[in-house]
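Thank you all for coming; I would like to take a few minutes to walk through one structure with you. Please have a look at the sequence and the model before I start on the details.

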Amino acid sequence: MTGPEPQHAILGASGASRWMVCPGSVRLASEIEFKDTGSSYAREGTAAHAVAEKALLDGMDPEFYVGQKFEGVKVDRDMAAAVRVYVEKVRMVAKACGTTIDESHVETQFTLDRLNPPGPMFGTVDYWDFDLNTKHLWILDYKHGAGVAVEATENPQLMYYALGAVLATGIKPAKVTVVIVQPRCFHDDGTVRDYTFDYDRLNSF
């Protein structure tokens, strides 16, 4: 399931919502040198993801890490409370699937190389799981940002991950559920939002 060495792909999952609707942006992105400004919001988001990964793999609650530093950011109670929403959802899905949470399901990189794409296509999913009894594939993504609410329905990034999971496992799912967990941003549908679709929809995507 591990993909190419580079950390970012021009045709990567995180940018799918942009390049799928604006193919010209691919060439532009390859010609312009982007500089990572390392904003405080980005660092906080990276730290929150690190806390979530640590909590899941160690079987701990996020509050355990309050006061500790991750990615140079000190974990406070607000961050721990937000991450807890995601961690609890992951554990709920894992229990339903009968899965032990380990490194094969957390922060997993999937590649679409088998589709013979025109360039490197890969991305890292926060958590994925597969209920082998019901053939139900789950894709979970944690969003720490509080500014812009992210939709789960027809979300290209999450559907990209789902396709990567199918290619990696070789298992055709009966249904796929993608989940956005965004505890710090208001949305009419709540902080945990999901979208379920069948294999034909994924195939057409």
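In what order do the five strands of the open sheet run, and is their pairing mixed? Let me say at once that this is a predicted model, and that the order is S3-S4-S5-S6-S7, with mixed pairing. The edge strands are S3 and S7, the latter covering residues 192-198, and each of these pairs on one side only. From one strand to the next, the twist averages 35°.

As for what lies against the sheet, H4 packs on it and touches S4, S5, S6 and S7, with a direction that makes about 45° with that of S4. Helix H5, residues 156-169, also packs on the sheet, where it touches S3, S4, S5, S6 and S7, and its direction makes about 135° with that of S5.

I would like to stay with S5 for a moment, which spans residues 136-142 and pairs with S6, residues 175-181, in the parallel sense over seven bridges. Within that pairing, leucine 140 stands opposite valine 179, and tyrosine 142 has valine 181 as its bridge partner in S6. With S4, by contrast, S5 pairs in the antiparallel sense, over five bridges, and here tryptophan 128 has isoleucine 139 of S5 as its bridge partner. The hairpin of S4 and S5 has four residues between the strands, and in it lysine 135 takes a positive phi near 55°.

How many of the seven residues of S5 are buried? Seven of the seven are, so this strand is largely enclosed by the rest of the structure. Both of its faces are covered, since the buried residues include His136, Trp138, Leu140 and Tyr142 on one side, and Leu137, Ile139 and Asp141 on the other.

That brings me to the nonpolar cores. The largest has 29 residues, and the members that touch the most others are Met79, Val83, Tyr86, Tyr127 and Leu140. Helix H3, residues 40-58, supplies at least two residues of this core, as do H4, S5 and S6, and the largest share, ten residues, comes from H4. Apart from this core lies another, of 24 residues, among them Leu112, Met159, Ala162 and Phe197.

Tyrosine 127 deserves a closer look: beyond residues up to four places away in sequence, its contacts include Tyr86, Val90 and Ala94, as well as Thr99, Trp138 and Leu140. Threonine 99 itself is found in the loop between helix H4, residues 77-97, and strand S3, residues 106-111. Its side chain is joined to that of aspartate 129 by a polar contact of 2.7 Å, and, leaving aside neighbours within four places in sequence, threonine 99 is also in contact with Ala94, His105, Tyr127 and Phe130, among others.

Finally, the aromatic residues, for which a search of the whole structure finds five pairs. One of them is the edge-to-face pair of phenylalanine 110 and tryptophan 128, at 5.4 Å centre to centre and with 75° between the planes. Because phenylalanine 110 lies in strand S3 and tryptophan 128 in strand S4, residues 122-131, the pair ties together parts that are 18 residues apart in sequence. Both of these residues are buried. Elsewhere in my notes on aromatics, Phe64, Tyr65 and Phe70 form one cluster.

How values were computed. Residues are numbered from 1 along each chain as its sequence is written. This is a predicted model: local features need pLDDT of at least 70, side-chain atom pairs count only at pLDDT 80 or more; totals for chains, interfaces and linings use all residues. Side-chain values use heavy atoms; hydrogens and water are left out. A polar contact is a pair of N or O atoms within 3.5 Å; within protein, one must be able to donate a hydrogen and the other to accept it, and residues adjacent in sequence count only if both atoms are side-chain atoms. Contact means heavy atoms within 4.5 Å. Rings of Phe, Tyr and Trp (its six-membered ring) pair if their centres lie within 6.5 Å; planes under 30 degrees apart count as stacked, over 60 as edge-to-face and the rest as tilted. Buried means under 20% relative accessible area, exposed over 50%, partly exposed in between (1.4 Å probe, protein chains only). Two strands pair if DSSP finds at least two bridges between them. Axes are lines fitted to C-alpha atoms, for helices over the stretch in contact, and angles run from 0 to 180 degrees between N-to-C directions. A nonpolar core is a set of buried Ala, Val, Leu, Ile, Met, Phe, Trp, Tyr and Cys residues joined through side-chain atoms within 4.5 Å.
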